[in-house]
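User: I am new to this structure and would like a close look at one part of it, the packing of its side chains. Please go through it in a connected way, starting from the whole chain.

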Amino acid sequence: MSKKARPNVKVSQAMMALLPFADAASTELPLGRLLRLALFQVSVGMAMVLLSGTLNRVMVVELGTPTWLVALLIAVPLVAAPFRALIGHKSDRHVSALGWRRVPYIWFGTLMQFGGLAFMPFALLHLSRPENFVLGLVAAAAAFLLTGTGFHVTQTAGLALATDLAPEDKRPRAVALLYVMLLVGMMISAFVIGGLLIDFSPMRLVQVIQGAAVLTFVLNLTALWKQEARAPDRTKPQPDAPSFGELWHAFVRDGRNARLLTAIGIGAAGFAMQDALLEPFGGEILAMSVGATTTLTGAWAFGSLVGFMLSGRWLSRGGDPLRIAGLGLVTGINAFLIVMFAAPFGSPAMLYVGATLIGLGLGLFSVGTLIEAMNLTKSETAGLALGAWGAVQATCAGAGIALGGALRDIIAAIAINADPSAAIATRATGYTTVYMIEVLLLLAGLAVIGPLVGRSDEDSINSRDSADQKFGLREFPT
């Protein structure tokens with residue numbers, strides 16, 4: 001090597017050390033191509049911010065839609081989440097004349113995302129007109145379902161494509177990088193959308209959501225372009241392979257697996273009940289603007305990213321995934337207590353701190369339980385373990401979102417009838433009661449997950465202690 005080339009090598013090594021998961025790159029999947037593929041995660045993060053963050057605040061505060069109805073609409077996309085494992089299973093065996101397995105799923109998922117976002121703002125505006133309320137409700141539910149189904153299909157097939165392209169020893173790191181890009185996309189989208197909606201108007205709402213639709217199409221098409229090679233010989237059907245139902249029944253018959261899934265479901269519901277309430281809470285109780293409350297989602301995503309990084313550091317030092325998950329539950333309990341006290345103190349700063357800690361706790365809990373699920377992949381149900389993690393978490397999160405919105409409205413209505421003169425304090429009662437229920441659910445999650453700590457199977461222990469196994473996620477179901 002010449003002396004002239006050595007400084008360039010040192011600069012490249014320094015850049016690789018600073019960029020998280022830069023060692024996920026390989027000869028087969030260079031870093032530039034991997035980052036381009038990760039653009040579909042940016043579009044998914046943008047859709048998640050719109051559906052679970054900005055739009056619920058706009059519908060509740062600006063459009064006057066009942067909170068229980070908003071929570072139900074936000075939960076609608078999660079109807080498709082339990083089918084993520086089945087979607088991945090189908091894409092594995094997809095038969096195409098062109099030899100593509102993942103491209104058709106990513107393409108049609110993109111079209112569903114685009115279509116749902118394209119007519120969503122008009123459906124939402126109809127909700128504010130009593131004469132068109134039923135039409136608006138049906139159209140809004142269809143838009144939310146179409147958008148949610150689209151990003152579930154896109155993300156599942158996109159992560160599978162990344163697994164196909166990366167060499168076996170780089171796959172966990174490659175998918176970990178994609179997860180980081182999801183959180184980065186959520187943070188950027190939250191701040192950009194929040195800035196655009198500072199001066200709210202119906203026309204601005206239409207422009208922002210339809211702009212997101214166009215950007216989704218551009219990002220996903222750029223991510224997909226020339227990524228998957230055509231290989232018809234890889235798409236031949238395998239009639240002797242076990243069915244999806246057989247694998248699922250074999251997995252849930254294991255008592256330890258069932259207890260782990262129970263803990264995942266309780267924790268997911270405990271963290272998710274606030275999804276439809278945090279931004280309306282900031283707008284209604286603390287009088288924060290649309291732009292200010294949208295940045296709460298960015299704070300949440302930042303906390304999740306920090307939790308992911310901390311989990312990776314602790315796991316690389318031999319940390320127990322379930323202890324990390326338990327720490328996430330404890331962090332979440334403290335986060336909700338801080339959010340509850342933000343109302344009597346009238347402090348938006350406390351709400352930002354609470355939102356960040358909610359994200360941190362959820363990141364620790366999600367990664368810890370997911371890694372524990374990955375430790376089950378030594379058995380014959382290897383392909384199902386991660387799908388079960390995503391299905392249980394998403395389904396329970398959806399139920400938690402819907403239940404949280406309904407409880408907030410019911411409790412607030414009871415409080416107002418009891419004391420019509422108490423305005424802000426009465427409205428805050430519905431929110432704080434839901435936050436207290438979340439604290440109790442996270443405590444229940446600790447009780448369920450506690451007996452599992454230290455009782456891992458021998459294969460799980462060996463998997464954790466492998467010195468040459470770097471931390472990463474083979475699949476990330478939302």
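Analyst: **Side-chain packing**

Among contacts between residues at least 6 apart in sequence, 84% join residues at least 24 apart in the protein chain. The model is a predicted one. The chain contains 18 helices and zero strands, and 54% of its 478 residues count as buried. The area that the chain exposes is about 19,800 Å², with carbon and sulfur atoms supplying 66% of that area.

The interior comes next. In soluble globular proteins, nonpolar side chains tend to be buried together. Here the largest nonpolar core has 101 residues. Leu 55, Met 59, Met 120, Leu 124, Phe 144, Leu 351 and Tyr 435 are the residues with the most contacts inside this core. Leu 124 can serve as an example. With neighbours within four places in sequence left aside, Leu 124 is in contact with Leu 55, Met 59, Leu 63, Ala 140, Phe 144 and Ile 209. A second core, separate from the largest one, has 21 residues, including Val 42, Ile 106, Leu 159 and Met 181.

Burial can also be followed along a helix. Helix 4 covers residues 67-75 and is mostly covered, with seven of its nine residues buried. The buried ones are Thr 67, Leu 69, Val 70, Ala 71, Leu 73, Ile 74 and Ala 75.

Helix 15, residues 348-374, holds a buried polar example, Ser 366. Ser 366 has a relative accessibility of 9%, and it counts as buried because the cut-off is under 20%. Apart from neighbours within four places in sequence, Ser 366 is in contact with Trp 389 and Gln 393.

Next come the aromatic rings. How many aromatic pairs does the count come to? The count comes to six. In one of them, Trp 107 and Phe 217 meet edge-to-face, with 5.8 Å from centre to centre and 65 degrees between the planes. Trp 107 belongs to helix 6 (residues 103-127) and Phe 217 to helix 9 (residues 202-224), so this pair ties together parts that are 110 residues apart in sequence. Both rings are partly exposed: Trp 107 has a relative accessibility of 30%, and Phe 217 has one of 26%.

Phe 281 and Tyr 435 form another pair. Their ring centres are 5.5 Å apart and their planes are at 85 degrees, so this pair too is edge-to-face. Phe 281 is in helix 12 (residues 278-284) and Tyr 435 is in helix 17, so that the pair links distant parts of the chain, 154 residues apart. Phe 281 and Tyr 435 are both buried, whereas Trp 107 and Phe 217 are partly exposed. Tyr 435 has already appeared among the residues with the most contacts in the largest nonpolar core. Phe 281 and Tyr 435 also belong to one aromatic cluster, together with Phe 336 and Tyr 431.

Helix 17 leads on to the surface. Leu 337, Phe 341, Phe 345, Met 436, Leu 440 and Leu 443 make a nonpolar surface patch of about 580 Å². Two elements give two or more residues to this patch, helix 14 (321-345) and helix 17 (424-449). Phe 341 lies in helix 14 and is partly exposed, at a relative accessible area of 46%. Leu 443 lies in helix 17 and is also partly exposed, with 41% relative accessibility. The C-alpha atom of Leu 443 is 9.7 Å from that of Gly 332, although these two residues are 111 residues apart along the chain.

Charged side chains are the last topic. Side chains of opposite charge can pair when their charged atoms come close. The count here comes to one salt bridge. The bridge joins Asp 409 to Arg 408, with 2.7 Å between the closest N and O atoms. Are its two residues buried or exposed? Asp 409 is buried, at a relative accessible area of 15%, and Arg 408 is buried as well, at 9% relative accessibility.

How values were computed:
Residues numbered from 1 in each chain as written. Predicted model: local features only at pLDDT ≥ 70, side-chain atom pairs only at ≥ 80, totals over all residues. Heavy atoms only, no water. Salt bridge = Lys/Arg side-chain N within 4 Å of Asp/Glu carboxyl O. Buried < 20%, exposed > 50% of the residue type's maximum accessible area, 1.4 Å probe, protein only. Core = buried A, V, L, I, M, F, W, Y, C linked by side-chain atoms within 4.5 Å. Contact = heavy atoms within 4.5 Å. Helix = DSSP H or I, 4+ residues; strand = E, 2+ residues; numbered from the N terminus. Patch = residues over 30% accessible without salt bridge, like charges linked within 9 Å, V, L, I, M, F, W, Y side chains within 5 Å. Areas by Shrake-Rupley, 256 points an atom, 1.4 Å probe, with all protein chains shown as cover. Phe/Tyr/Trp six-rings, centres within 6.5 Å; stacked < 30°, edge-to-face > 60°.
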